[in-house]
Amino acid sequence: ERTLRRALRRVWASLWTDAAAAERAWYGMDQGQAAMGILISTAFLDELAGGVAFTGNPLRPEAAEMVVNAQPGEASVMLPEEGAVPERDVLELAGGRVARIRREQASSLLPPGGQVLSDAQLFALGDLLLQVRERFAVDPEGEDPARIFLDLEFKLSPEGRLVFKQVRPFLAAPAEGRSPEGFVRLELPGEASGPDGEPRQALA
């Protein structure tokens, strides 16, 4: 029953779920301009780790840093189980390369002192991030290019191979709109909450 045809149809149709349409309406987007794309990528069994990396620091866009959030195994960084906290590592740059690793937060899924990614793996990941940043063209569309990073999802295969599953642009909030938690609150006239009834926040 769970055929590829069924999966493609479900993903394609998700463009017009009630939640998706309400989200676009809340942001004032033209529904007629909405379009769907589908990415089919390799699934990894028994992956060693996975996470999300930025080719900058969303909390300090002016700093020469990159941020890596990771969890062991198949634990999700973007959709974590309740109470799960990912490892957060900051890669400090100097001379066009990763010069130092600053470990800011440990994964709550590992015992004290445990690391999702070793220093060697982080240096290798950093080198790849810099290569992608250099080769991935992004149209700033009038925004400050210094605030445009790349947001990458990565996996560490059972053989220890780093694989990027997706790459997309990320616009960091300007300093005056950035909170210590890294969120900027979006307020629209007459709208106190998003389609789910909760105050709308966007990661910055």
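In this predicted model, Asp46 sits in the loop that links helix H2 (18-26) to strand S1 (49-54). Its backbone stands out. The phi angle of Asp46 is near 60 degrees, a positive value, and the residue is not a glycine. Asp46 has a relative accessibility of 62%. Exposed means over 50%, so Asp46 counts as exposed.

Glu141 gives a second case of positive phi in a residue that is not a glycine. Here the angle is about 50 degrees. Glu141 also belongs to a loop, the one between helix H3 (119-135) and strand S5 (148-156). The relative accessibility of Glu141 is 67%, and therefore this residue counts as exposed.

A loop position can also be buried. Ser157 lies in the loop between S5 and strand S6 (162-171). Its relative accessibility is 1%. The limit for buried is under 20%, so Ser157 counts as buried. Which residues does Ser157 touch, leaving aside those up to four places away in sequence? The partners are Phe44 and Leu48. Leu48 and Phe44 are thus contacts of a buried serine.

The surface also carries a nonpolar patch. Leu4, Leu8, Val11, Trp12, Ile38 and Ile40 form this patch. Together they have about 550 Å² of accessible area. One of these residues, Leu8, is part of helix H1, which spans residues 4-13. Is Leu8 buried, exposed or partly exposed? At 31% relative accessibility, Leu8 falls between the limits of 20% and 50%. It therefore counts as partly exposed.

The whole chain can now be described. The protein chain has three helices and eight strands. Read from the N terminus, the order of elements is α-α-β-β-β-β-α-β-β-β-β. Two helices open this order, and four strands follow them. One further helix comes next, and four strands close the series.

Burial and surface were computed for the full chain. The protein chain has 204 residues, and 32% of them count as buried. The accessible surface of the chain comes to about 12900 Å². Carbon and sulfur atoms account for 53% of that surface.

Contacts were also sorted by distance along the sequence. Among contacts in the protein chain with a separation of 6 or more, 52% join residues 24 or more positions apart.

Terms used. Residues numbered from 1 in each chain as written. Predicted model: local features only at pLDDT ≥ 70, side-chain atom pairs only at ≥ 80, totals over all residues. Heavy atoms only, no water. Buried < 20%, exposed > 50% of the residue type's maximum accessible area, 1.4 Å probe, protein only. Patch = residues over 30% accessible without salt bridge, like charges linked within 9 Å, V, L, I, M, F, W, Y side chains within 5 Å. Areas by Shrake-Rupley, 256 points an atom, 1.4 Å probe, with all protein chains shown as cover. Salt bridge = Lys/Arg side-chain N within 4 Å of Asp/Glu carboxyl O. Contact = heavy atoms within 4.5 Å.
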